[in-house]
Amino acid sequence: MAAIAESVLKPDFNASRKHFIFNDEHEQLRESITNFAIKELAPHADEWEETTFPDSVFRRMGELGFLGLDKPEQYGGQGGDYFSAIVLGEAIANANCGGLAMGIAVQTDMAMPPILALGTEDQKQQWAVPAIKGEKILCLGITEPDAGSDVSGIKTRAVKDGEDYVINGSKTYITNGHRADVIVLVTKTDADAGYDGFTLFLVPMDSPGVIREKKLQKLGMHASDTALLAFQDVRVPASAVLGQIGKGFYHIMWELQGERLIGAAGCVAGAQKCFEKTLQYAHERKAFGREIGKFQVIRHKFAEMATKIESARQMVYVTAWRFNNGEYPVREISMAKLHAARIAVEVADECIQIHGGAGYMKEYGVERIWRDMRLNRIGAGTDEIMLEVIGRSYGL
Ligand SMILES: Cc1cc2nc3c(=O)[nH]c(=O)nc-3n(C[C@H](O)[C@H](O)[C@H](O)COP(=O)(O)OP(=O)(O)OC[C@H]3O[C@@H](n4cnc5c(N)ncnc54)[C@H](O)[C@@H]3O)c2cc1C
């Protein structure tokens, strides 16, 4: 747009920054989730770091319609587009509680999509409908003590026995694993069939033989529960198979794409939150007679951080736009996940530095963001696995 003599264009630093993927309804949704997170969640964040967040959060979010934003209306969802899921993934960062955001994302964007996409009508009614209401809690079991990145190396077996299947094995690092009512479980049903030998099951967590072993202690995401689970002769009917027998590997690779993209959106939101907290601190904290933010070296740190966050945000939004259009942009999802996770950790680390000693103290909350964000370079596929997916997509 050209400037004319009477109206000289000035930079619009305070534009509302609405991106082209969002409309007014998305922005209203963002406002209501943000208000909810600030009023009803954030005040408890410190306590939930010690105790994990209560199950009542699922019910409350279900009541408010936040657990089914992009889910079909016929199952109790709001019938919105994928961008409404992105809005939730971003706005929930206002709870200041990464573990809570992760527990909710497991429900809405990790365990629920396979049930809705692959499930029978009965399975959707039994699990997705109450999960959207927040009355049932879901978890997803891929990782095992001996196999994480290498999903094809899992050992959990489901063996046909008459009309039933009998499952034996173990899963680890399972988010929501202690509280969940059902697990979307990845098993091997045919050890000789390679990638065609995997099957997903919906296993009720109160089935005899499901053992919730340890509550695992971790570096961050303290408000979430993380379980080591054992499956000992767990008998489920054939109706517990989710999707096609033998196609579980492909089903779970599809599920991981949504998981990675929503995780990337969460990284951008976490980094932005940390940036804002730190910007405020840089205005308030004085050294050598001036606000620390006025030192050029600190100002440039903010400029670097803002540029990193913006680049990751644009990758997430454009990839979400393609995803919403029905494309399957695996390369771009992997890039967005890799980049967003990396920059979130870099930003949080720099924010600690800008806070000085205060950054190392719990009271300022930036150390928590750093600990929480660190998971994203590992969970849902490590940086190295993202690089493998991207590199291989070029035929290498
Ligand atoms: C807090 C938390 C919550 C989690 N929640 C869940 C959950 O709800 N459900 C679930 O199923 N899982 C969950 N996970 C597991 C997570 O997805 C795995 O930890 C992750 O996929 C990595 O697997 P791994 O830990 O077995 O690491 P490994 O696969 O053992 O990898 C170890 C190292 O080797 C590298 N590596 C492995 N293979 C290659 C390769 N081909 N090329 C180069 N480097 C390689 C990895 O990048 C990594 O640096 C969670 C993990 C954590 C920490």
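Domain bounds on this tour come from an automatic or database domain assignment. With that in mind, colour the chain in three parts: domain 1 (24–136), domain 2 (140–246) and domain 3 (250–392). Residues are numbered from 1 along each chain as its sequence is written. What you have open is a predicted model, where local features need pLDDT of at least 70, side-chain atom pairs count only at pLDDT 80 or more, and totals for chains, interfaces and linings use all residues.

**Stop 1: where domain 1 meets domain 3**

Show domain 1 and domain 3 together. Their centres, taken over C-alpha atoms, are separated by 21 Å. Here 17 residues of domain 1 are in contact with 15 residues of domain 3; two residues are in contact if their C-beta atoms, placed from the backbone, lie within 7 Å.

Next, select helix H4 (82–91) and helix H5 (98–118), which each supply at least two residues of the side of domain 1 that touches domain 3. Helices (H or I, at least four residues) and strands (E, at least two) are DSSP runs, numbered from the N terminus. H5 gives the largest share of this side of domain 1, eight residues. Colour the side of domain 1 that touches domain 3 by class and you will find 11 nonpolar, three polar and three charged residues. In this scheme Ala, Val, Leu, Ile, Met, Phe, Trp, Tyr, Cys and Pro count as nonpolar, Asp, Glu, Lys and Arg as charged, and the others, Gly among them, as polar.

While you are in domain 1, pick Tyr75, in the loop between helix H3 (56–63) and H4. Is Tyr75 buried or exposed? Tyr75 counts as buried, because it has 22 C-beta neighbours inside 10 Å. The cut-offs are these: a residue is buried if 20 or more other C-beta atoms lie within 10 Å of its own, exposed if 12 or fewer, and partly exposed in between, with C-beta atoms placed from the backbone. Leaving aside neighbours within four places in sequence, Tyr75 is in contact with Leu116, Lys124, Ala128, Val129 and Ile132. Tyr75 and Leu116 are 41 residues apart in sequence, yet 9.0 Å apart in space, C-alpha to C-alpha.

**Stop 2: helix H7 and the core**

Now select helix H7, residues 248–284. Its 37 residues should span 54 Å at 1.5 Å a residue, and its end C-alpha atoms are 53 Å apart, which agrees. That expected span is 1.5 Å times one less than the number of residues. Of these 37 residues, 28 are buried, so H7 is largely enclosed by the rest of the structure.

H7 also leads you to the largest nonpolar core, giving its largest share, 15 residues. The core has 115 residues in total, and those with the most contacts inside it are Leu138, Phe201 and Ala348. A nonpolar core is a set of buried Ala, Val, Leu, Ile, Met, Phe, Trp, Tyr and Cys residues joined through C-beta atoms within 7 Å.

Centre on Phe201 to see what surrounds one of these residues. Not counting residues up to four places away in sequence, Phe201 touches nine listed here in full: Ala158, Tyr165, Ile167, Leu185, Thr187, Val236, Ala240, Val241 and Leu242.

**Stop 3: around the ligand**

Show the ligand next. It is surrounded by 22 residues, and the closest are Ile142, Gly148, Ser149, Thr382 and Glu384; a residue counts as near if its C-beta atom, placed from the backbone, lies within 6 Å of the molecule. Strand S1 (138–141), strand S3 (164–175) and helix H12 (383–392) are the elements that give two or more residues to this shell. Domain 2 and domain 3 each contribute at least three residues. By class, the shell has 10 nonpolar, nine polar and three charged residues.

**Stop 4: single residues to click on**

Asn176 lies in the loop between S3 and strand S4 (182–188). Although Asn176 is not a glycine, it has a positive phi of about 70°. Asn176 is buried, with 27 other C-beta atoms within 10 Å.

Asp233, in strand S7 (residues 226–237), also has a positive phi, near 50°, in a residue other than glycine. Asp233 counts as exposed, with 11 C-beta neighbours inside 10 Å.

Finish at Pro329, in the loop between helix H8 (296–324) and helix H9 (330–355). Pro329 counts as partly exposed, with 18 C-beta neighbours inside 10 Å. Beyond its neighbours within four places in sequence, Pro329 is in contact with Thr319, Arg322 and Phe323.
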